[in-house]
Amino acid sequence: MQVRGLYLLLVLILLAASSEAGKNKKEKVKKNGSDCEEWRWGPCVPNSKDCGVGFREGTCNEETKKLKCKIPCNWKKEFGADCKYKFESWGGCDSATGLKSRSGTLKKALYNAECQETIQVTKPCSPKAKSKSKGESQLLGSLFLP
């Protein structure tokens, strides 16, 4: 009987201690957090050059915050790193311009970024792949024959 009583007392003490620890943790989050719900975030501004690690500033009422962010160095500067698009396949090569193009529709705007609904992008046509001459193919084939 005494063992049960001690066991029950121990369980109650542990529950009370973990409950108190949970309250302290919630209070810390409240102190560091914000009651503000309508944050407006600016673009990610790299620390140097035009890509890499940087900061984005947010404002809500009288509060301001800075968040760490990163802009990939291969991002498309025309439409920004915070605008995510779903792209069609590349079109054929326009022989007059030497470019091929495709369009994209907005999938997601991160941090309330102002993005275009649809965009058009281009890139240079790739040079035609050189095909092996018949003589080279026969030579390579004969190297692997027993």
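Me: Are W39 and W41 buried or exposed?
Reply: The model is a predicted one. A residue counts as buried when its relative accessible area is under 20%. W41 has 19% relative accessibility, so W41 falls on that side of the cut-off. W39 shares this label, and both residues are buried.

Me: How are the rings of W39 and W41 arranged as a pair?
Reply: A pair of aromatic rings is described by the distance of the centres and the angle of the planes. For W39 and W41 the centres are 5.7 Å apart and the planes stand at 25°. Planes under 30 degrees apart count as stacked. The pair is therefore stacked.

Me: What kind of pair do W41 and Y111 make?
Reply: Their ring centres lie 6.0 Å apart, with the planes at 75°. An angle over 60 degrees counts as edge-to-face, so the pair of W41 and Y111 is edge-to-face.

Me: How many residues apart are W41 and Y111 along the chain?
Reply: W41 belongs to strand β1 (residues 40–41). Y111 sits in the loop between β6 and β7 (118–124). The pair links distant parts of the chain, and the separation is 70 residues.

Me: Is Y111 buried, partly exposed or exposed?
Reply: The partly exposed class runs between 20% and 50% relative accessible area. Y111 has 36%, so the label is partly exposed.

Me: Which elements give two or more residues to the positive patch?
Reply: The positive surface patch is formed by K84, K86, K107 and K108. One of these, K108, is placed in strand β6. The elements that give two or more residues are β5 (83–87) and β6 (99–109).

Conventions
Residues are numbered from 1 along each chain as its sequence is written. This is a predicted model: local features need pLDDT of at least 70, side-chain atom pairs count only at pLDDT 80 or more; totals for chains, interfaces and linings use all residues. Side-chain values use heavy atoms; hydrogens and water are left out. Patches are made of residues with over 30% relative accessible area and no salt bridge: like charges are joined within 9 Å, nonpolar side chains (Val, Leu, Ile, Met, Phe, Trp, Tyr) within 5 Å. Accessible areas come from the Shrake-Rupley method with a 1.4 Å probe; for residues, only the protein chains shown count as cover. A salt bridge is a side-chain nitrogen of Lys or Arg within 4 Å of a carboxyl oxygen of Asp or Glu. Lys and Arg count as positive and Asp and Glu as negative; His and the chain ends are not counted. The place of a charge is taken as NZ of Lys, CZ of Arg, CG of Asp or CD of Glu. Helices (H or I, at least four residues) and strands (E, at least two) are DSSP runs, numbered from the N terminus. Rings of Phe, Tyr and Trp (its six-membered ring) pair if their centres lie within 6.5 Å; planes under 30 degrees apart count as stacked, over 60 as edge-to-face and the rest as tilted. Buried means under 20% relative accessible area, exposed over 50%, partly exposed in between (1.4 Å probe, protein chains only).
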